Amino acid sequence: MPPLPPPALLTRAEIDLGALRRNVRRLAAHVAPAHLMGIVKADAYGHGAHPVAQAMAAEGLTWFAVARAAEGIALREAGLAGRVLVLGAPLPGDLDAHAAHGLDLSVTSEAVAEAAIAWASATAPAGALRVHVKADTGMHRLGLSPDAVPGVLERLYATEGIEVVGLLTHFATADEAASSFADTQASRFDSLLHALERAGVPVPPVVHVANSGAATLHPRKAVPTGAAALARVGGLVYGVPSSPDLARVAERLALEPVMRLVARVVHIHTVAAGETVSYGQTWTAAAPTRIATVAVGYGDGLPRALSNVGVAAIAGHRYPIAGRVCMDLTMLDLGAPDGPGRTVQVGDEAVFFGPDGPSALDVATCIGTISYELTTGLTERVPRVLVG
Ligand SMILES: *Cc1c(COP(=O)(O)O)cnc(C)c1O
């Protein structure tokens with residue numbers, strides 16, 4: 001007997017690497033003279049870290065960032081060259097792994113600086129550990145108090161096993177064009193640069209402050225004076241703006257969404273007026289209604305919060321989600337049996353977000369979250385299918 005063909009692919013996330021590469025080109029031009037850094041944490045915002053990093057490298061990017069050392073090690077094992085910065089806070093036992101895999105370390109506290117100095121003094125040849133010092137200018141997540149930075153930098157410079165590469169900070173509100181707190185954080189960072197100058201402590205060769213919002217909505221904050229600048233642009237590279245202001249930027253720069261979540265209709269039926277659909281009977285047919293059952297659910301990462309509020313597009317028409325999103329299946333209200341939804345058939349494709357469907361930002365906004373949570377939330381059951 002010939003081998004059986006595999007079952008049909010019912011759910012997929014299409015990843016348009018052509019769109020990604022065009023976005024990289026447009027953003028690299030926009031942030032110049034800063035260099036665009038490829039932010040590939042959380043599996044490249046759910047798009048697949050290795051193919052994404054490869055495509056970015058093919059566009060000439062040489063700097064990458066991940067959140068955790070394990071993500072950086074996986075990229076190294078997949079063959080990624082170039083510089084890889086781990087943005088997250090290390091635990092003291094992680095320094096060997098950073099050095100062994102050539103991962104740049106974020107110095108996120110005075111304690112991390114002490115650990116790095118102790119590690120380098122004990123074991124390391126010159127420049128064995130590359131570090132970036134992170135100043136906390138108001139995000140209050142990770143980083144040293146700006147007051148502590150000059151002293152810590154001096155001690156790091158004095159440690160032979162350490163190469164001080166960068167100085168960074170991170171903004172809390174840069175995705176809002178009108179945020180005055182972004183100005184506050186920028187001026188705290190500028191004060192730090194002045195303090196370094198006054199103290200005669202050299203600014204590290206690379207300075208990076210800008211995420212998607214700071215690089216585009218607060219551009220003067222993206223290029224600090226002195227050293228070379230990197231722009232840590234994440235979401236916009238994937239064409240998933242995290243705010244309405246950034247959606248306008250994405251439109252202005254002609255950035256394209258890279259991901260599209262597609263699922264097949266696997267069943268169609270008509271329910272009578274007064275009948276309910278899905279768990280908990282939260283949706284009731286006001287009239288006879290055609291219902292499409294689609295092979296996607298919260299087990300794929302489609303948020304259950306979209307129950308009765310989300311939509312999906314089939315052949316360009318938007319249909320509301322009827323009743324609760326289930327683990328593996330979601331029902332769409334196709335309308336009256338003789339209405340426009342009458343042409344939908346088993347096997348048709350429904351787009352839950354991305355090109356030809358609602359934008360990830362629209363979907364996210366309707367359930368009170370941001371687009372990043374949708375793209376990073378897709379589970380392993382959803383194959384990432386490379387297109388473009
Ligand atoms: C995730 C992250 C970024 C990228 O942010 P976007 O809003 O996606 O551009 C930049 N810097 C740090 C420290 C981050 O954690």
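The following questions and answers introduce a predicted model of a protein with a bound ligand.

Visitor: In which pocket does the ligand sit?
Guide: A molecule is assigned to a pocket if more than half of its atoms lie within 2 Å of the grid points of that pocket. By this criterion, the ligand is placed in the largest pocket.

Visitor: How many residues surround the ligand, and how do they divide by character?
Guide: The ligand is surrounded by 13 residues. Lys-41, Tyr-45, Ser-212, Arg-232 and Gly-235 are the closest. By character, the shell divides into 4 nonpolar, 5 polar and 4 charged residues.

Visitor: What is the distance from an oxygen atom of the ligand to an N or O atom in the side chain of Lys-41, and how much of the ligand does the protein bury?
Guide: A pair of N or O atoms within 3.5 Å is a polar contact. In the side chain of Lys-41, an N or O atom is 2.7 Å from an oxygen atom of the ligand. Taken alone, the ligand exposes 390 Å², and the share of this that the protein buries is 90%.

Visitor: Which other residues have an N or O atom at a stated distance from an oxygen atom of the ligand?
Guide: A backbone N or O atom serves in one case, at 2.8 Å from a ligand oxygen, and belongs to Gly-234. In the other case a side-chain N or O atom lies 2.9 Å from an oxygen atom of the ligand, and that side chain is the one of Tyr-372.

Visitor: Where is Pro-33 found, and what is the form of the peptide bond that leads to it from Ala-32?
Guide: Pro-33 belongs to the loop between helix H1 (17-31) and strand S2 (35-36). The peptide bond from Ala-32 to Pro-33 has an omega near 10°, and its form is cis.

Visitor: Is Asp-356 buried or exposed?
Guide: Asp-356 lies in the loop between strand S18 (349-353) and helix H11 (360-366). Although Asp-356 is not a glycine, its phi is positive, at about 70°. Its relative accessibility is 61%, and the cut-off is over 50%. Asp-356 therefore counts as exposed.

Visitor: Why does Asn-308 count as partly exposed?
Guide: Asn-308 is located in the loop between strand S14 (289-294) and strand S15 (311-314). It is not a glycine, yet it has a positive phi of about 65°. Asn-308 counts as partly exposed because its relative accessibility is 32%.

Visitor: What distance separates the C-alpha atoms of Glu-256 and Ala-89?
Guide: Glu-256 is part of the loop between helix H10 (244-252) and strand S11 (259-271). Along the chain, Glu-256 and Ala-89 are 167 residues apart. Their C-alpha atoms are separated by 32 Å.

Notes. Residues numbered from 1 in each chain as written. Predicted model: local features only at pLDDT ≥ 70, side-chain atom pairs only at ≥ 80, totals over all residues. Heavy atoms only, no water. Near = heavy atom within 4 Å. Polar contact = N/O pair within 3.5 Å; in protein donor to acceptor, adjacent residues only side chain to side chain. Areas by Shrake-Rupley, 256 points an atom, 1.4 Å probe, with all protein chains shown as cover. 1 Å grid on protein atoms, 1.4 Å probe; cavity = no way out; pocket = protein on both sides within 12 Å on 5 of 7 lines; lining within 4 Å. Nonpolar A, V, L, I, M, F, W, Y, C, P; charged D, E, K, R; others polar. Helix = DSSP H or I, 4+ residues; strand = E, 2+ residues; numbered from the N terminus. Buried < 20%, exposed > 50% of the residue type's maximum accessible area, 1.4 Å probe, protein only.
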